[in-house]
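Grab a pencil and have a look at the fold below. We'll work through a handful of exercises together, each with its solution spelled out.

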Amino acid sequence: MSAHLKDAEGKRHEIGASCVLGRMPDCSIQLAGTRVSRRHALVHSMDGVQHWVVDLGSTNGVLVNGHRIQQPQALRTGDEIRVGDNRLVFHADSPQQDALDTLEHQLKTARAEAEVSALNYGIVVVGANGRPQFSTARAREWLVVYFPQTRRDSLPDEMLRWLKQRAGSPAGSCPPLIVAQDNRRLLVRMTERGGDEVILTLTEESPASLKALVERLGLTEREAEVLHWVVEGKSNSEAAIILDISVRTVDKHLQNVFSKLGVENRSAALRVVMFALGR
């Protein structure tokens, strides 16, 4: 969903999937002022619909409508973001507003906790030395769970190797790092790359999504697994390696999946999956 920020002079700044606000020249939106940190804030959308603003550990904080935020803050059209002496107003197309209104309604129901849990994600800002410069509480929690031998002031060796392999690649083109543990898995995605810093987003998934594909779409467990990895952007050969089956078997399962879903390609299958999972 398209969205933009408008500054005090009326200049429009497109956001896209994410943008960094800060003092450095390579920030998506460069802001002036001694109270602005090098990488001050991130405006980010995980699903392409709802945008959030996150304080990246700035010294002077981020204010939304006059209140300093302590955690990722959902944005709606007309919200004012203040970074130092800079004021930016958030604007989005009307469907985004509808999405936030729906979320607010859910928050008033008994189902709120379960519905909002899907929005949880972590953020880590990695410096040139490979050490985390900032991380949210949820990110720190997952790093401890999935990499228990790693010191709190360091990144896991597996994540460092993954970043090194993708040095120089555009952030949006990098496939996620996937770490499985006890039937759950952590997905690490490169959201933004600028200068000597990289911004990572972390999400966690459970078997519930695979179970939903089986129950709601009438798939076998193996078909659901194949579809799951295809939706994650894996090629048939990559899915075969992950599932320890042949590429021919993956091809056969995908043919069955497309037939059951009444679609002809991966993009159409993705739309069906997102609908089935309530995304």
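What follows is a set of exercises on this predicted model, going from the overall chain to sheets, helices and single residues.

**Exercise 1. Take stock of the whole chain: count its helices and strands, then find the share of buried residues.**

Step 1. Going through the secondary structure gives nine helices and 16 strands.

Step 2. Of the 279 residues in the chain, 45% are buried.

Step 3. Now for contacts along the sequence. Take those with a separation of 6 or more: 44% of them come from residues 24 or more positions apart.

**Exercise 2. Work out the strand order of the six-stranded sheet and name its edge strands.**

Step 1. Reading across this open sheet, the order is β2-β1-β11-β10-β7-β8, with antiparallel pairing.

Step 2. An edge strand pairs on one side only, and that description fits β2 (12–14) and β8 (67–68).

Step 3. Let's zoom in on β10. Strand β10 (residues 80–83) pairs with β11 (residues 86–92) over four bridges, in the antiparallel sense. On its other pairing, with β7, there are three bridges, again antiparallel.

Step 4. Check the register. E80 sits opposite V89 in β11, and R82 sits opposite R87 in β11. Looking towards β7, L63 is the residue opposite R82 in β10.

Step 5. Sort the side chains of β10 by face: I81 and V83 are on the covered face, while E80 and R82 are on the uncovered one.

Step 6. Finish at the turn. The hairpin of β10 and β11 has two residues between the strands, and G84 there takes a positive phi near 60°.

**Exercise 3. Do the job again for the five-stranded sheet: which order do the strands have, and which are the edges?**

Step 1. This open sheet runs β4-β3-β5-β6-β9, and its pairing is mixed.

Step 2. The edges are β4 (29–30) and β9 (73–74), each pairing on one side only.

Step 3. For a sample pair, pick β3 (residues 18–22) and β5 (residues 41–44): they run antiparallel and are joined by four bridges. Here S18 faces H44 in β5.

**Exercise 4. Find out how the buried residues of α3, α4 and α7 are spread around each helix.**

Step 1. Recall the geometry: an α-helix has 3.6 residues a turn, so residues three or four places apart point the same way.

Step 2. In α3 (residues 137–146), the buried set is A139, W142, L143 and Y146. Viewed down the axis of α3, these fall within an arc of 100°, so they line one face of the helix.

Step 3. In α4 (residues 157–165), M159, W162 and L163 are buried. Their arc, seen down the axis of α4, is within 95°, so they too line one face. Turn to the face of α4 away from that buried side and you'll meet the exposed residues D157, K164 and Q165.

Step 4. In α7, N236, A239, A240 and L243 are buried. They fall within an arc of 105° as seen down the axis of α7, so once again they line one face of the helix.

**Exercise 5. Describe how α7 packs against α8.**

Step 1. The axes of α7 (residues 236–243) and α8 (residues 247–261) come within 8 Å and cross at roughly 110°. That makes α7 roughly perpendicular to α8.

Step 2. List the contact: N236, S237, A239 and A240 in α7 meet V247, V250, D251 and L254 in α8. By type, these residues divide into five nonpolar, two polar and one charged.

Step 3. Check what comes just after α7: D244 takes a positive phi of about 60°.

**Exercise 6. Compare the settings of V188 and N65: is each one buried or partly exposed?**

Step 1. Locate V188 in strand β15 (residues 184–194). Its relative accessibility is 0%, so V188 counts as buried.

Step 2. Look at the neighbours of V188. Leaving out residues up to four places away in sequence, V188 touches M159, W162, P176, L177, L200, T201 and L202. Its C-alpha atom is 9.7 Å from that of V124, a residue 64 residues apart from V188 along the chain.

Step 3. Over to N65, in the loop between β7 (62–64) and β8. With 40% relative accessibility, N65 counts as partly exposed.

Step 4. Check the backbone of N65: its phi is positive, about 55°, although N65 is not a glycine. Most residues other than glycine have a negative phi.

Technical notes:
Residues numbered from 1 in each chain as written. Predicted model: local features only at pLDDT ≥ 70, side-chain atom pairs only at ≥ 80, totals over all residues. Heavy atoms only, no water. Axes fitted to C-alpha atoms, helices over the stretch in contact; angles between N-to-C directions. Parallel < 35°, antiparallel > 145°, perpendicular 65-115°, else oblique. Contact = heavy atoms within 4.5 Å. Nonpolar A, V, L, I, M, F, W, Y, C, P; charged D, E, K, R; others polar. Buried < 20%, exposed > 50% of the residue type's maximum accessible area, 1.4 Å probe, protein only. Arc of directions from axis to C-beta. Pairing = 2+ DSSP bridges.
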